[in-house]
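Here is a walk through one protein fold, from its sheet to its helices. Keep the structure open as you read.

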Amino acid sequence: MAKGLALLGATGSIGRQTLDVVASMPGAFRVVALTGGRNVALLADQARRFRPALVAVSDAEAASALRSEVPAGTRVVHGRDGLFEAARHPEAATVVCALVGAAGVEPAYAAIDAGKDLALANKEALVAAGAFLTARANETGSAILPIDSEHNAIHQCLRGEDRAEIKALWLTASGGPFRTMDARALAGAGPEQALRHPTWVMGPKITIDSATLMNKGLEVIEAHWLFGLPGERIKVVVHPKSVVHSLVEMTDGSFKAQLGVTDMRHPIQYALTYPRRLPAALPPFDLLGAGPLAFEAPDLERFPCLPLAYEALARGGAAPAVLNAANEIAVEAFLAGRAGFFDIPDTVRAVLVALGDAPAGTLADLLDADRRARAAAAKLLDCGVKS
């Protein structure tokens with residue numbers, strides 16, 4: 001029987017690749033709900049191809065434009081309520097959350113609250129509200145299956161292992177486009193350079209996060225919530241070729257690694273078909289051509305976002321949510337040409353100092369901390385944060 005899927009963020013990079021996987025496996029999945037922002041043309045095309053029961057868009061204007069373009073039987077809704085309706089769709093067994101940033105927190109929680117398995121590409125949801133999402137998943141029996149290639153690799157390495165025998169997790173980082181650039185050149189780097197990722201094809205926000213190594217910092221926090229290890233046992237190592245997607249170090253000194261093609265459709269398929277492994281319509285991994293496998297330590301002085309993320313994880317409470325919110329605003333400003341490369345860590349550091357101890361007793365507290373951190377970061381950038 002085909003598994004029902006709801007796809008949140010269908011028009012983004014992960015959303016489009018998820019539909020590629022679905023199309024490559026006829027009869028395995030049935031798309032029951034799609035959500036997108038305002039890209040009406042692409043959503044209409046996706047709706048005609050996959051014929052979902054529900055499509056949700058960001059606002060009434062986009063919904064009005066879409067209604068005449070979708071097949072009969074597809075209902076079009078909009079706004080926050082529409083997004084939640086898709087996340088809770090009764091025919092969905094798995095919800096793929098491919099939203100960008102902290103906007104994914106509440107829809108991811110809604111899916112878990114409804115008992116859906118959650119295939120999660122939106123790391124920020126766990127960074128900002130990991131305590132609440134994982135606690136609710138334990139209560140409802142929802143499985144959180146990581147799509148991030150690093151966490152997906154660790155998930156694969158841990159199959160059949162006793163968690164008590166894990167010494168450390170090792171997240172690999174490509175190092176991004178600025179791995180060898182000196183600090184002076186980095187200070188003048190712009191978005192066009194930062195968007196040229198050497199190995200992965202990703203959306204703009206995550207590509208900038210990769211360039212600053214904030215992406216790896218967010219992944220450390222994500223790994224903490226997914227696998228239950230403290231920050232000091234979650235390591236980061238730079239691996240420029242990106243063929244080792246991550247590693248697990250066992251207590252006896254053995255390392256387990258997952259290798260494969262640098263194609264996000266592989267972790268997407270793994271998450272959708274788990275616990276089964278099915279043939280993939282992907283180019284084969286060239287093991288003989290993969291070497292040599294080089295590893296190096298990250299440079300924490302040129303890339304201060306990574307230690308800032310470790311600091312936020314150690315502080316706990318609202319600190320990770322504040323870190324993430326400030327970063328999202330600073331990255332947005334950098335992409336718009338309103339901030340320099342080092343304005344990103346400078347903004348995050350300043351907001352973390354000011355608001356990292358905000359209340360975090362409820363999910364509403366964290367969402368409030370997120371809003372306050374965004375406002376503080378925007379104000380700092382408007383005043384001209386000095387890098």
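The paragraphs below take the sheet, then a helix lying across it, then helix 3.

This model is predicted. Begin with the sheet. It is open and built from 7 strands, in the order 4-3-2-1-5-6-7. The pairing is parallel. In general, strands of a sheet pair through backbone hydrogen bonds, either parallel or antiparallel. Strand 4 and strand 7 (144-146) are the edge strands, and each pairs on one side only. From one strand to the next, the twist averages 25°.

Now look at one pair. Strand 5 covers residues 94-97, and strand 6 covers residues 117-120. They run in the parallel sense and share 4 bridges. To find your place, pick out Thr-94: its bridge partner in strand 6 is Asp-117.

Helix 5 comes next. It spans residues 105-113 and lies across strand 1 (3-8), strand 5, strand 6 and strand 7. Relative to strand 6, helix 5 runs at about 150°.

Turn to helix 3, residues 60-67. Which of its residues are buried? They are Ala-62, Ala-63 and Leu-66. These three sit on the same side of helix 3, because they cover an arc of only 100° around the axis. The helical repeat fits this kind of pattern: an α-helix has 3.6 residues a turn, so residues three or four places apart point the same way. What covers the buried residues of helix 3? The cover includes helix 2 (40-50), strand 3 (54-57) and strand 4 (75-78).

Finally, check the start of helix 3. There, a side-chain oxygen of Asp-59 comes within 3.3 Å of the backbone nitrogen of Glu-61.

Definitions and conventions
Residues are numbered from 1 along each chain as its sequence is written. This is a predicted model: local features need pLDDT of at least 70, side-chain atom pairs count only at pLDDT 80 or more; totals for chains, interfaces and linings use all residues. Side-chain values use heavy atoms; hydrogens and water are left out. Buried means under 20% relative accessible area, exposed over 50%, partly exposed in between (1.4 Å probe, protein chains only). Helices (H or I, at least four residues) and strands (E, at least two) are DSSP runs, numbered from the N terminus. The arc is that of the directions from the helix axis to the C-beta atoms. Contact means heavy atoms within 4.5 Å. A polar contact is a pair of N or O atoms within 3.5 Å; within protein, one must be able to donate a hydrogen and the other to accept it, and residues adjacent in sequence count only if both atoms are side-chain atoms. Two strands pair if DSSP finds at least two bridges between them. Axes are lines fitted to C-alpha atoms, for helices over the stretch in contact, and angles run from 0 to 180 degrees between N-to-C directions.
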